[in-house]
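Visitor: I would like a close look at a single part of this model, namely the places where its pieces meet. Please describe them in one connected account.

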Amino acid sequence: MGTFDLLLQGLLAAMEPMNLVYALIGVTLGTAVGVLPGIGPALTVALLLPVTYRLDPAGSLIMFAGIYYGGMYGGSTTSILLNTPGESASIVTALEGNRMARAGRGGPALATAAIGSFVAGLIATLLLAFIAPWVVRFALSFGPADYFALMVLAFITVSAAFGDSALRGLTALFIGLALGLIGIDLQTGQTRLAFGIPDLFDGIEVTTLAVALFAIGETLKIACAPTHLQEQVEAVKGSVWMTIEDWKRSWASWLRGTFIGFPIGAMPAGGADVASFLSYSAEKSFSKHPEEFGTGAIEGVAGPEAANNASAAGTLVPLLTLGLPTTATAAIMLAGFQQFGLQPGPLLFVNNASLVWALIASLLVANLMLLVLNLPLIGVWVRLLTIPKPWLYAGILSFATLGTIGANAAVMRIGGLAFSFELLLLLAFGVLGYLLRRFGYPIAPVVVGLILGPMAEQQLRRALAISQGDPAILFASPVAMVLYTVAAIALLLPLFLRLRGRGQLLGQLATDED
Amino acid sequence: MNKLLLAALVTGALAQTAFAQDYTIMAPAAPGGGWDQTARTMQQVMQDEGIAANVQVTNVPGAGGTIGLAQFANQAQGDPSQLIVGGYVMVGAILTNQSPVTLDNVTPIARLTGESEALVVPANSPIQTLDDLVAQLKENPGSVSWAGGSAGGTDHILAGLVATAVDVDPTQINYIAYSGGGEALAAILGGQVTVGVSGYGEFASQIEAGELRLLALSGESRLEGVDAPTLSEAGVDVVLENWRMVAAAPGITPEQEAEINADIAAMVESDAWQEALASRGWVNTYLAGEDFKAQLAKDITATEGILRQIGLVQ
Amino acid sequence: MTDGGTNATRRPDGAALVIAVVLAILAAVIFWQTSQMRVVAVYARVGPTTFPYIVATGLAVLAVATVVSALRGSFPARDKDNYGPMFWILGGLLAQMLLLFPAGFSIATGVLFALTAAGFGRRRFWMTLPAGIAFAFVIWLIFARGLQLSLPTGPLESALVSAFGALAASVGAA
């Protein structure tokens, strides 16, 4: 059966009334939580994971897809109307979008962001649908040595290649790797670094770490910031609709953004923030009105927003076809799959074909719903921005702890004291998240290290077990060699650029969180 | 939309509260896994059939169920409303994790479901029968790579039992652990490993599609509609089933135990339970009372023996 | 978040030196714990101790690199944070952790709510505490009752649920 038929079947499944309801709940919750300042898609997905625990896998993943795309949409609203981006991928949107809103052109800014996200989401999801089967065919022949090479590449692109400091990127990655060591070793059954605490035998939960680093770390950082920045929510004045001139200036930017964003997301070359920064630079050089940049150029909203959404869809290519998460959001999505006993990877397309295609089709459905939901309901979302900080963060922390408690009701007793060990971990990692932010360390490599570290180790050891200890197996396959070459380039090129004094460009691409 | 959803959920939530709570079932695993599904299915059937008015499920995951088991033994003491779901995996985990709390600290009620393990090779493998596999294993144990679940788990134990049964040193087996059947499947289909070991259900669709060749099943008897011998029939004297069970709190009276037994028996006999098993592809291996306790003791002894031989238990 | 700039004074960065020490301690702990493991012969030759040693070595190297970076003053400049709010919030998390099992989800989470709000400057507990408990109770109803998540039940949840139950029964009867 061709991709097209599979996608059509997926659409039929996604259009079932119950699945439409799940998608609608997903996009609504996703947008609502994504709009809240300081909450990006990674945290949106992590916070809403417990909502999906009790649904059937298909419904749950469809809701997930809605949350993921909704979170991306919601972030742009925040950046345009409030100068605090809801997620780092929207920082660029804030540059021009917030200026437009201040100049009374908030409506068209929101419109070009929403329509651009829709166009990009549509094209990128279709690209995902047509590229994924091709990658899967290729990936079915991957052995453990190839996977190991792929993960080495991912480690480098996530930590060292982008960002303003390879040192801090690598340190964050190694903290994640160290946390990943904790627990029972899969190959020998021995416990490592568990210090005799049974609650650590299964290792650190990805969701616990992610929620702590993103939600608690961010809350602490904002609470402790010395000056509370004066934040002004810009009212949407005048028409929401774009003029013919706006359309003319936006459409090419949308397309450029899409084709910059998708490969960056798909290739593991960094998160959505990298894509949106690159798109911003591209728009600046392509624009016929470069003088407007910095004062509210519509291209500067249209391009990056499209890039940001296209890269989000692109991230799903390695996640679904290889089981390889390359951003923090993807790492949490992987946890979402695993809670249903589903292992993303080439076999997912073989064994759970109808589920995968329903998921991909529901991304298209969610994308359309978001377009319809976003523009008319903008007033509702704006009201969420006016929740006072004490209530907002108190609510976020209540919700953040809910998921941790709900997934793990274990009681630890020390003397007469009964408490939840998982919450203790949440607290400790929350402080870690604050310290990382305080000293300029990126967050995403920690989460990616925790999830990819054990995977890389297992693949390496499997490869060597199969060859009965002969290390030549690691370099035997051409695929692995190509991947190592790319990894070497990704590691050395930035070093070279920095030495040549071109570091600023990379610094601009700083990967905060995604 | 949000408000509607909220209202619906709150109403739904309150509607349940008119009943008294009859059972709390602990699933010593994260939401979504096999034990969780077992507990949730019990919850559903017991409520629908009117066996218990209200059943709650709690999840205490970790360390092969031993964290949940320890907490259960500690908290439920003498409380007849508390149940815990468990299984064969727990038997191994108690030994390998040196858990201070064992199945002696709870009151086993009944075995509910069971699944045979399957030994498979890819369709293009030169190994045609179990005899071929045994021959290669005897000649060079390291050249046979086994793909299955985590070290010390059911799959690993079966590999060790097979080796012992054909007089191969079980410490010499080249066992490669995968985090789950799905992940192992990719390695088996890709021909990267020699033989795969996992629950039959993990391989069923590939076996039917002809992509995998089923060498043997580990259960006591053949599976209906499956053309493969049991290990014993194929000349390797090993029987192993990966079963799931339900147990009650320690320190309950014989009368309370009998009452729980009756409730579980009523649940197992209901059509709803049979339908639920069929829809999930689980095989009913209901065994209760003293028979179950005797079987359990036998399984524990055999498992401990093989784990010692493999070197996972000192 | 970071401007990539450098400390104008170029003095050694004390906090960065502390980070280096912490990384070094982490490396040492991993080395020490791993050296205590018994080694079993495996076909892979690469056993369960190899990766921990690699990670520990990496952390040790990064600790040295952090010292160099600190001495060169190349850490990003940062503002001085107030730590007052942090104690409120961490206190809230700690209180929730300790109250969760004795007092149930709603009360424990309500306390977290009120203390977090206090961290953001809203210290009127007579308002934030009841609001937080009510909010947490609604969450508990939706997730523990509606979505069957296991959230600890305390006296408050039991009392309110049986009160609601009685109410629902009387409404049903009427």
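Guide: Two residues are taken to be in contact if their C-beta atoms, placed from the backbone, lie within 7 Å. The model is predicted, and chain B offers a convenient starting point. Chain B is divided into domain 1, which comprises 20–114 + 241–310, and domain 2, which covers 115–217. Taken over C-alpha atoms, the centres of domain 1 of chain B and domain 2 of chain B are separated by 28 Å. Where these domains meet, 14 residues of domain 1 of chain B are in contact with 14 residues of domain 2 of chain B. On the domain 1 side of this contact, helix 4 (88–96), strand 9 (241–248) and helix 11 (289–310) of chain B each supply at least two residues. The largest share of that side, five residues, is provided by helix 11 of chain B. By class, the side of domain 1 of chain B that touches domain 2 of chain B holds six nonpolar, seven polar and one charged residues.

The contact between chain C and chain A may be described in a similar manner. It takes 67 residues from chain C and 59 residues from chain A. On the chain C side, at least two residues each come from helix 1 (14–35), helix 2 (50–71), helix 3 (84–103), helix 4 (105–119) and helix 5 (125–146) of chain C. Helix 3 of chain C gives the largest share of this side, 11 residues. The residues of the side of chain C that touches chain A comprise 45 nonpolar, 16 polar and six charged.

Conventions: Residues are numbered from 1 along each chain as its sequence is written. Chains are lettered from A and ligands numbered from 1 in the order in which they are written. This is a predicted model: local features need pLDDT of at least 70, side-chain atom pairs count only at pLDDT 80 or more; totals for chains, interfaces and linings use all residues. Domain bounds come from an automatic or database domain assignment. Helices (H or I, at least four residues) and strands (E, at least two) are DSSP runs, numbered from the N terminus. Ala, Val, Leu, Ile, Met, Phe, Trp, Tyr, Cys and Pro count as nonpolar, Asp, Glu, Lys and Arg as charged, and the others, Gly among them, as polar.
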